[in-house]
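Visitor: Could you walk me through this one, a few questions at a time?
Guide: Sure, have a look and fire away.

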Amino acid sequence: MKLRWQAAGATHVGRVRRGNEDSLLVDAERGIFLVADGMGGHAAGEIASMLATDAVGTLLREGIDQGLQADALLERMVEALKLADAAIERHVLENPSTRGMGTTVTAVVLCADGTYRLGHIGDSRAYLMRNGELTQITRDHTWVQREVDEGRLTAQGARRHRLSHILTRALGADSTDEPDVLSGTLLPGDRLLLCTDGLTGMLTDRMIAKVLRLEIRLEDRLAELIRQANERGGRDNVTAVLVEILEEAVEERRLD
Ligand code: CA
């Protein structure tokens with residue numbers, strides 16, 4: 001089934017931070033979407049997330065324009081994340097004061113066959129809302145998530161933990177860090193959300209789901225997510241990309 005979609009993205013500095021270290025990419029025409037959350041002081045985080053966004057965006061764009069499909073796009077995604085990692089490492093070599101900078105990346109590309117391919121590293125997230133139910137489709141690469149997986153911490157405890165921001169994997173941090181890649185099928189009516197932890201740190205999944213269910217314009221749903229994150233403290237930069245899969249186009253019948 002050939003998919004049609006609409007998409008938009010938004011980012012906000014929040015109410016505490018001075019700079020915005022998040023980056024996003026919305027290439028609705030090609031079906032490429034990404035959020036990245038940089039880290040490292042003195043503007044290094046901004047540079048890291050931007051370098052990754054540029055590298056991944058460029059490679060995926062070329063892939064789509066070359067007509068790559070499905071698993072070839074997944075391979076391209078892996079390549080793109082490696083290139084982004086190398087770009088950050090090169091920047092650090094040339095600018096030793098930026099040592100320690102890195103970024104999360106959660107990127108998705110929609111394929112013509114009605115599936116998506118996703119690459120993910122760090123604690124930004126992808127969620128899928130289908131029939132009003134919200135599911136997190138990425139797994140955080142964080143210390144607290146590992147503790148939850150091994151049964152030493154509850155999900156609730158992880159949210160409030162003082163070490164909840166500690167990442168176990170990121171781009172630029174350690175070249176042996178492997179991203180996760182996954183694929184899935186999309187259906188008309190699905191809503192796909194990519195977001196940084198500035199959103200999920202402020203809003204629970206239940207709060208996010210409530211906003212995604214609203215039958216208002218896509219841009220207004222995004223604005224509402226950011227408004228609520230800021231209302232609840234806005235302690236971090238907030239970034240969200242929302243993609244909505246539309247009903248199939250009715251094929252026009254020719255009567256000649
Ligand atoms: Ca963040």
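Visitor: Which residue is the bridge partner of Ser23 in β3?
Guide: This is a predicted model, so everything here is read off predicted coordinates. β2 and β3 pair in the antiparallel sense, over 6 bridges. Within that pairing, the residue of β3 that partners Ser23 is Ala36.

Visitor: And the sheet those strands sit in: which strands stand at its edges?
Guide: The sheet is open and has 5 strands, in the order β2-β3-β4-β5-β8, with antiparallel pairing. On average, neighbouring strands in it are turned by 10 degrees against each other, direction ignored. An edge strand has a single partner strand, so one side is left without a neighbour in the sheet, and that applies to β2 (22-27) and β8 (180-185).

Visitor: What angle does helix α1 make with β3?
Guide: Helix α1, residues 44-65, packs on this sheet and touches β2, β3 and β4. Helix α2, residues 70-94, also packs on the sheet, but its contacts are β4, β5 and β8, and its direction makes about 25 degrees with that of β5. For α1 against β3, the angle between directions is about 160 degrees.

Visitor: How many residues of β4 are buried?
Guide: Take the two ways its side chains point: Gly102, Thr104, Thr106, Val108 and Leu110 go one way, Thr103, Val105, Ala107 and Val109 the other, and all are buried. So β4 is largely enclosed by the rest of the structure, and the count is 9 of the 9.

Visitor: Which residue stands opposite Thr106 in β5?
Guide: β4 has pairings to follow with both β3 and β5. With β3 the pairing is antiparallel over 8 bridges, and Ile32 has Val109 of β4 as its bridge partner. With β5, β4 runs antiparallel and is joined by 6 bridges. There, opposite Thr106, stands His120.

Visitor: Which residue in the hairpin of β4 and β5 takes a positive phi?
Guide: That hairpin has 4 residues between the strands. The phi in question is near 90 degrees, and the residue that takes it is Gly114.

Visitor: Moving on to the metal: which residues are the protein donors of the calcium ion?
Guide: The donor atoms lie 2.2 to 3.1 Å from the ion, and each is an OD atom of an aspartate. In sequence the donor residues follow the spacing D-x159-D-x38-D. Asp37 is listed twice among the donors, so to speak, and the residues are Asp37, Asp197 and Asp236.

Visitor: How many residues apart are Asp37 and Asp236?
Guide: Asp37 belongs to strand β3 (residues 32-39), while Asp236 is in the loop between α7 (218-231) and β10 (238-245). Both of these aspartates are buried. The pair links distant parts of the chain, with a separation in sequence of 199 residues.

Visitor: Which helix gives the most to the lining of the largest pocket?
Guide: The largest pocket has a volume of about 1100 Å³, and 36 residues line it, with Arg159, Ser164, Asp197, Thr200 and Gly201 the closest to its centre. Elements that give two or more residues to the lining are β3, α3 (143-149), α4 (155-160), α5 (197-200) and α6 (205-213). With 4 residues, the top contributor is α4.

Visitor: Now the sheet with β1 in it: which are its edge strands?
Guide: This open sheet has 5 strands in the order β1-β10-β9-β6-β7, and its pairing is antiparallel. Neighbouring strands here are turned by 15 degrees against each other on average, direction ignored. Those that pair on one side only are β1 (5-12) and β7 (133-136).

Visitor: In β9, which residue is the bridge partner of Met129?
Guide: Strands β6 (residues 125-130) and β9 (residues 191-195) run antiparallel and are joined by 5 bridges. α6 lies across β6, β7, β9 and β10, at about 55 degrees to β6. The β9 residue that partners Met129 is Arg191.

Visitor: Is Gln228 buried or exposed?
Guide: Gln228 lies in helix α7, which lies across β1, β9 and β10 at about 25 degrees to β1. Leaving out residues up to four places away in sequence, Gln228 touches Leu203, Met207 and Val211. Its relative accessible area is 17%, and buried means under 20%, so Gln228 is buried.

Definitions and conventions: Residues are numbered from 1 along each chain as its sequence is written. This is a predicted model: local features need pLDDT of at least 70, side-chain atom pairs count only at pLDDT 80 or more; totals for chains, interfaces and linings use all residues. Side-chain values use heavy atoms; hydrogens and water are left out. Donors are N, O and S atoms within 2.8 Å of the metal (3.2 Å for Na, K and Ca); water is not among the atoms, so sites may look incomplete. Buried means under 20% relative accessible area, exposed over 50%, partly exposed in between (1.4 Å probe, protein chains only). Two strands pair if DSSP finds at least two bridges between them. Axes are lines fitted to C-alpha atoms, for helices over the stretch in contact, and angles run from 0 to 180 degrees between N-to-C directions. Contact means heavy atoms within 4.5 Å. On a 1 Å grid over the protein atoms alone, a cavity is a set of points where a 1.4 Å probe fits but cannot get out, and a pocket is an open set with protein on both sides within 12 Å along at least five of seven lines; lining residues have an atom within 4 Å of a point. Grid points are joined across faces, edges and corners, and a volume is the space filled by probe spheres set on the points.
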